[in-house]
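Biologist: Could you take me through one part of this model slowly, say a single sheet and whatever packs on it? I'd like to follow it strand by strand.

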Amino acid sequence: MPEFAIEMKGIVKRFPGVVANNGIDFSLKKGEIHGLLGENGAGKTVLMSVLYGLYYPDAGDIRIDGVPHKNYRPAMAIRLGIGMVHQHFMLVPRLTVAENIMLGQEPTKSGVLLDQEAAIEKIEAFSKQYGLPVDPRARIEQLPVGEQQRVEIVKALYRGADTLILDEPTAVLTEQEIEHLGEALAKLKQEGKSIVLITHKLQEAIGMCDRITVLRKGEVIGTVDAKETSERDLAEMMVGRDVVFTVRRSQVTAEPTTVLRATEIRACDDRGLEALKGVSLELQRHEVLGIAGVQGNGQAELAEILTGLRPPTSGTISLGDLDLTGKGAKAFIDAGIAHIPADRYLRGLVMTFSVRENAILGQHRKRPFSSTPFWYHQGATTRFTREIVDAFDVKTPSVNTLAQNLSGGNQQRLIIGREFSKKPHVIIAAQPTRGLDVGGIEYVHQQLLKMRDQGAAVLLISMDLDEVMRVSDRIAVIYTGRIVAIKDPEETNRRELGELMLTGSLSSERGVGETA
Amino acid sequence: MRSVLQALKQSSFLQETGITLLSILLAFGVGCLILWAAGYSIPAVFINLWKGAFGNKIAIGNTLTKATPIILTSLSFLIAFRCGLFNIGAEGQMYIGAIITAVVGAHLHLPAILHSIVALFAGGLAGAFWGWIPGYLKAKRGVNEFVTTMMLSYVAIGLTDYLVAPRGPLHDAQAYANQTSAVLATARFARILKPTQLSWAIVVAGIAVLLVWYFLFRTPSGYELRCVGQSPTAAEYGGIRTKRKLILALSLAGLLAGLAGAGEILGTHFRFVDGFSPGYGWDGIAGGLIARAHPVGTVFSALLIGALRAGALQVQRSHAAPGDIATVLQALVIFFIIAPTLVRRLIRWRRRSVQ
């Protein structure tokens, strides 16, 4: 039996204007968890897409179980025992877990009739064997993200995968779910599966993997043993420089001036359930207010309320003397409230528009982009886009490239560039570093703090507690639609915040709601 | 549907043109198979198709005459499509535009040229109103525009049918046919290529192509409209009032279809005749798709469909095959256009076999 489940040698993959993989060697031992680490755009996902048959490489050899294979498609990859769990799940929301898993390989009774029960039994067996609890009868749309991910993994196993590729599996998970995932992966390894874990989180790479291969700009920087490396070493390999882990915050001594005031906001989520139950916030100039909380406690609705995308059922919002209650997104934009949305695919960018068309979204009716309703200025738009691309270091072949062809980090830079160049009074940043690598995260934090130093009021909503603690001047903890505490980051710690996020109060002092 | 729109946008201009041409070739290829299977002479059919479409001055005039309304209905389809909507009702919007134009042309007394313009725009506005209704219902009540535009089409055809029927209020008492009285000479478009019916309506269509292009790609409003079509959520984020854009898009779609009807009345028939359209409104769906939702493309797609229509008559006349073969070819072209993945796969397969 060959030692390696996968061997890739000299893989080259070019896209118009970029070499995504430039002669990459990668090997996956049987029964190991192998981390594939790199910044956004380093070529991790492309390499694995080549392995999965989504792209044909321009050069290089692939051996699966010691046997060379060339130019195959995903269907073939699946037959060869490779399963891929994408960052964005490929599940049909309206169908049940069982229906999703058996899709394409439906078991039948006497060759014609669908045998759901057989599938459900098989799924339950897998679920038990690998410690991946899923309810085969539940509908996908009702499940939390963590369980949807387990469904994807079970689906891959159901199709006979021996090698699993997980593309940034933790990006969408809560800390608890990440822990469960770690356990499940260890169990899968025990059962003899080989796993590739694409990630840019150093801690996880070290904690979950046996070996780690670091990519940078389409090339392999090195493969190391997880036990013999450190976060600092890996970070250096990834970005090629010493990453500053702590953001240095300058002290601003200006008098606090409240810019945006939200009072007693109540609002419903998309299902009509009350998601915000009387939230009051005051955003001040020269300040980052961090919102800490476990996903699904009303953060998403709060961001939408404060940017005019969702009307509150009661409560008021005002910017200085300007009453914004019940106004639409345009009024909020015009008032100088910038928004870095949590979902850059759905909200932040029009993926099928060019970089240039995206650069003016929200400002497209303003000078200098359009002076009358009958004309928008190509020249001014192009100049402005070039400025953003240069100032915020957006890597793109040209301003006419479609947004969907940029890497995640560059998409985020484009959004930030667009929003910050409006010279906003208020910035609502929802999950601004989601899916970014170390360098990208650092960059976003610095930009946010720069805007704060220049006088903007910043609201930072993040599931990443470290991020909130690192960047915020004040931290508000949100729990089941209420702000349960306001803390000074200097005078609190992870444990205290964690307890507030998970229980809504501290065992030491049963707190009541406060006003931020 | 959004995936179709996306697929249309993803590839580069050259690639798109290539794919379109390939789709047309494939359609003709399959058309040949059908002809062969049915026992018709393939060369005879294609020679007559060509003769009827481009064989001489008159044939070319006929082709252009038929292409004129199809350019406008194609624009009608694509402007809604660009906003993520399906306007299936161009036929009805065209009928409404046509009847209003016929009334204004016959009963209003104005100086020449001015009369044409007023009658033309009256028709356009009437069509716009017919498009506004489903737009309003879509925006305010979420009613599926696919259904409403199509159903309103039948309402329009039925309504105009009644208006010009004997005893109908607009029936021309001197005529046996179901039609209105003739449009006054002051309102008529001059003919360009006598003895064919080609008129200044084709210039109107050409101007419309440029205006729609300009609107979509050079005005903030067009930008917003495309934005809603590509990503309603991002449009909302950008402060765009998406519902207004839906209404605008369908109203403009109605306007363009209304102009198609008006052009037919002022340039071709000089009166509203019941059943004057052989389905130009439906052709617009094909025209818009073959043009890959690009305004300039409609010129070529309308010419293709117009040529098929004109050529079909000659095929019929020559007994080479039934004229319906043109409809079959047109349907095949659409089939291959809407199946871009199929065509892409064929290209890839060819590339691989070359390697």
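**A sheet in chain A**

Modeller: Let's start in the middle of a strand pair: A:Leu36 has A:Ile198 in S10(A) as its bridge partner. Bear in mind that this is a predicted model, where local features need pLDDT of at least 70, side-chain atom pairs count only at pLDDT 80 or more, and totals for chains, interfaces and linings use all residues. Residues are numbered from 1 along each chain as its sequence is written, while chains are lettered from A and ligands numbered from 1 in the order in which they are written.

Strand S3 (residues 33–38) and strand S10 (residues 194–199) of chain A run parallel, with five bridges between them. Strands here are DSSP runs of E, at least two residues, and helices are runs of H or I, at least four, numbered from the N terminus. Two strands pair if DSSP finds at least two bridges between them.

Now zoom out: the open sheet in chain A has six strands in the order S6-S9-S10-S3-S11-S12, and its pairing is mixed. S6 (82–85) and S12 (219–225) are the edge strands of chain A, each with a single partner, so one side of each has no neighbour in the sheet. Ignoring direction, neighbouring strands are turned by 20° against each other on average.

Then come the helices. Helix H1 (residues 44–52) of chain A lies across S3, S6, S9 (163–167), S10 and S11 (211–216), running at about 150° to S9(A). Helix H6 (residues 175–190) of chain A also packs on the sheet, touching S3, S9 and S10, with its direction at about 150° to that of S10(A). Touching means contact, with C-beta atoms, placed from the backbone, within 7 Å. Angles run from 0 to 180 degrees between N-to-C directions, using axes fitted to C-alpha atoms, for helices over the stretch in contact.

Methods. Contact = placed C-beta atoms within 7 Å.
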